[in-house]
Amino acid sequence: MSGDPIYTEMIIEYSRNPSNFGKIENPQIHRHDSNPLCGDSIDLYVNIDDSKITEVKFDGKGCAICMACTSVLTEMIQGKNLDDVKNFQKDELLAELGLEHLIKTSPVRIKCALLSLKALKYGIYSYFAEKMNDVEAAGNLKEEAASLY
Ligand SMILES: [Zn+2]
């Protein structure tokens, strides 16, 4: 991997020691998503209380970029209000790891980077639309998720 500017120390470190790695039993949101081109496959678990994300974990396997981005995403949304999380933009996530350039340079790698965000947006959509029966609150999260990459 040395020589490839994508793999910063931070990304390698996260891929070795991912944050919030594990499973939540009976979570309010559970979303599986995968990236067949790369082999990334993750499950995202989220618990919500009083419109706040109280607990978030993920498990599965993925490349260094996928593991790092998913780790950072779980750190960034922990304890946040759902409204803030709904508006969370991919640029914020990519910037945290210095990966903004991927949007232009690597259509394959961008999927690795944004897989967890896609899972999160679909997951929150399902939570509102199916569990709370509130399609309005779910908003356009589904479209957003579908258009992430
Ligand atoms: Zn990947």
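**Architecture of the chain**

The chain contains 8 helices and 3 strands. This is a predicted model. Read from the N terminus, the elements follow the order α-β-β-β-α-α-α-α-α-α-α. The radius of gyration of the chain is 15 Å, close to the 15 Å given by the globule rule for 149 residues, and the chain is therefore as compact as a globular protein of that length. The C-alpha trace spans about 50 × 30 × 25 Å along its principal axes. Of the 149 residues, 36% are buried. Among contacts between residues at least 6 apart in sequence, 62% join residues at least 24 apart.

The three strands offer a convenient point of entry. They form an open sheet in the order E1-E2-E3, with antiparallel pairing. E1 and E3 stand at the edges, each with a single partner strand, so one side of each lacks a neighbour in the sheet. From one strand to the next, the twist averages 20 degrees.

The pairing can be followed strand by strand. E1, which covers residues 29–35, is joined to E2 by 7 bridges, and the two strands run antiparallel. Within this pairing, Arg31 stands opposite Leu44 in E2. E1 and E2 form a hairpin with 4 residues between them, and Gly39 in its turn has a positive phi of about 100 degrees.

On the other side of the pairing scheme, E2 (residues 40–49) and E3 (residues 52–61) pair in the antiparallel sense over 9 bridges. Several partners illustrate the register of these two strands. Asp43 has Asp59 in E3 as its bridge partner, Ile48 has Ile53, and Asp49 stands opposite Lys52. E2 and E3 also form a hairpin, here with 2 residues between them, and Asp50 lies in the turn.

Asp50 merits attention for its backbone conformation. Its phi is positive, at about 55 degrees, although the residue is not a glycine. Asp50 is placed in the loop between E2 and E3. Is Asp50 buried or exposed? Because Asp50 has 7 C-beta neighbours inside 10 Å, and a residue with 12 or fewer is classed as exposed, Asp50 counts as exposed.

Asn26 presents a further case of a positive phi in a residue that is not a glycine, with a value of about 50 degrees. Asn26 is located in the loop between helix H1 (9–16) and strand E1 (29–35). With 7 C-beta neighbours inside 10 Å, Asn26 counts as exposed.

The helices can now be placed relative to the sheet. H2 lies across E1, E2 and E3, and runs at about 170 degrees to E3. Helix H6 (residues 109–131) also packs on the sheet and touches E1, E2 and E3; the direction of H6 makes about 150 degrees with that of E1.

A contact between two helices completes the picture. Two packed helices are described by the angle between their axes and the distance between the axes. The axes of H1 and helix H2 (residues 64–77) come within 8 Å and cross at roughly 85 degrees. Since angles of 65 to 115 degrees count as roughly perpendicular, H1 and H2 are therefore roughly perpendicular to each other. Which residues of H1 and H2 meet? From H1, Ile11, Ile12, Tyr14 and Ser15 meet Ala64, Ile65, Met67, Ala68, Ser71 and Val72 in H2. The residues of this contact divide into 8 nonpolar, 2 polar and no charged.

Taken together, H2 meets H1 through residues such as Ala64 and Val72, and H2 also lies across the strands E1, E2 and E3.

Key. Residues numbered from 1 in each chain as written. Predicted model: local features only at pLDDT ≥ 70, side-chain atom pairs only at ≥ 80, totals over all residues. Pairing = 2+ DSSP bridges. Buried ≥ 20, exposed ≤ 12 C-beta atoms within 10 Å, placed from the backbone. Axes fitted to C-alpha atoms, helices over the stretch in contact; angles between N-to-C directions. Parallel < 35°, antiparallel > 145°, perpendicular 65-115°, else oblique. Contact = placed C-beta atoms within 7 Å. Nonpolar A, V, L, I, M, F, W, Y, C, P; charged D, E, K, R; others polar. Rg over C-alpha atoms; globule rule 2.2 N^0.38 Å.
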